[in-house]
Amino acid sequence: MALLQCSGLQKIYGRGDTAVRALDGVDLTVERGEFAAIVGASGSGKSTLLHILASVDRPTAGTVLVDGVDVGGLDATRAALFRRRKVGLVYQFFNLIPTLTVEQNIAMPLLLDKRRPDPELLRRLTSTLGLQDKLGALPGQLSGGQQQRAAIARALCYRPALLLADEPTGNLDRRNSAEILDLLRRCHRDLGQTILLVTHDERLAAQADRVITLSDGRIVSDRRRG
């Protein structure tokens, strides 16, 4: 069953001779439970596509359905609620609140929505991500890899329909990058999480079940592993 459907997606910045076409007719379907990666050179449209899927930005033309919701038609308030309930976001910058513990950072999206964390899900997440002994620590007491794990746990704590990861290993060394990718695969396998990973590193992307290549705002390749 399709979780994500994009049809004729376009994004144009500016007008006239100075217009930049960041996305140029993207058609994309991602099934529920898939682990897919989007690759492409800088300026290919990867991050623009991710921001539109997350309702952070709006398309110029075309439609985007995520779990049955037309995200392009959401106003700012409804878009914020949609992100908090349906989409988990992980960036290369961890964006943890330095004065809160790891556990408080993980639970923050739920607390903003006036909900309580599911204790069993929190236990499974922190165990899967190797954070069970770090819940009382502050972000400054963690390594870069551990901070990214906390950011992933925060994005998953409310059971999002879709996890979007934008260059999640961009600030990490090779060893930590490999660990984070392995953890994402574990979340996909053990938690059934649908994941869309954006990266410029094709070696990392090759570990996903499906690799989609963007160039000049268009999909030029879509291949599945095996």
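## Strand E9 and its partners

Look at Ala36 to begin with: its bridge partner in strand E9 is Arg210. One place along the chain, Ala37 stands opposite Val211, also in E9. These pairs bring us to strands E3 and E9, which run parallel and share four bridges. Before going on: this is a predicted model, where local features need pLDDT of at least 70, side-chain atom pairs count only at pLDDT 80 or more, and totals for chains, interfaces and linings use all residues. Residues are numbered from 1 along each chain as its sequence is written, while side-chain values use heavy atoms and leave out hydrogens and water.

E9 (residues 210–215) also has strand E10 (residues 218–224) as a partner, this time antiparallel and with six bridges. Ser215 is matched with Arg218 in E10. The two strands make a hairpin with two residues between them, and Asp216 in the turn has a positive phi of about 50°. Five of the six residues of E9 are buried, so the strand is largely enclosed by the rest of the structure. (Buried means under 20% relative accessible area, exposed means over 50%, and partly exposed is in between, with a 1.4 Å probe and protein chains only.)

## The six-stranded sheet

E3, E9 and E10 belong to an open sheet of six strands, ordered E6-E7-E8-E3-E9-E10, with mixed pairing. Strand E6 (87–91) and E10 are its edge strands, each pairing on one side only. On average, neighbouring strands are turned by 15° against each other, direction ignored. As for the words used here, strands (E, at least two residues) and helices (H or I, at least four) are DSSP runs numbered from the N terminus, and two strands pair if DSSP finds at least two bridges between them.

Helix H5 packs on this sheet and touches E6 and E7, with its direction at about 165° to that of E6. Helix H1 lies across E3, E6, E7, E8 and E9, running at about 150° to E7. Contact here means heavy atoms within 4.5 Å. The axes are lines fitted to C-alpha atoms, for helices over the stretch in contact, and the angles run from 0 to 180 degrees between N-to-C directions.

## The four-stranded sheet and H1

There's another open sheet, made of four antiparallel strands in the order E2-E1-E4-E5. Strand E2 (20–31) and strand E5 (69–70) are at its edges with a single partner each, so one side of each has no neighbour in the sheet. Strand E1 (residues 2–13) and strand E4 (residues 61–66) are antiparallel and joined by five bridges, and one of the matched pairs is Ser7 with Thr63 in E4.

H1 (residues 46–53) shows up here too: it lies across E1, E2 and E4, at about 120° to E1. One residue to pick out in H1 is Thr48. Is Thr48 buried or exposed? Its relative accessibility is 15%, so it counts as buried. Beyond its neighbours within four places in sequence, Thr48 is in contact with Lys11, Tyr13, Ala22 and Leu23.

## Where H3 meets H5

Helix H3 (residues 102–112) and H5 (residues 144–156) have axes that come within 7 Å and cross at roughly 35°. The crossing is right-handed, which is the case when the near helix is turned clockwise from the far one by less than a right angle. From H3, Val102, Asn105, Ile106 and Pro109 meet Ala150, Ala153 and Arg154 of H5. Those residues divide into five nonpolar, one polar and one charged.

H3 has these buried residues: Val102, Asn105, Ile106, Ala107, Pro109 and Leu110. Their cover includes helix H2 (76–86), helix H4 and H5. Just past the end of H3, Lys114 takes a positive phi of about 60°.

## Two nonpolar cores

The largest nonpolar core has 38 residues, and Phe35, Ile106, Leu129, Ile152, Leu163 and Leu184 touch the most other members. A core is a set of buried Ala, Val, Leu, Ile, Met, Phe, Trp, Tyr and Cys residues joined through side-chain atoms within 4.5 Å. Among the elements supplying at least two residues each are E3, H3, H5 and helix H6 (174–191). Leu129 touches Arg149, Ile152, Ala153, Leu183 and Cys187, not counting residues up to four places away in sequence.

A second, separate core has 29 residues, including Leu3, Ile52, Leu74 and Leu196.

Methods
Ala, Val, Leu, Ile, Met, Phe, Trp, Tyr, Cys and Pro count as nonpolar, Asp, Glu, Lys and Arg as charged, and the others, Gly among them, as polar.
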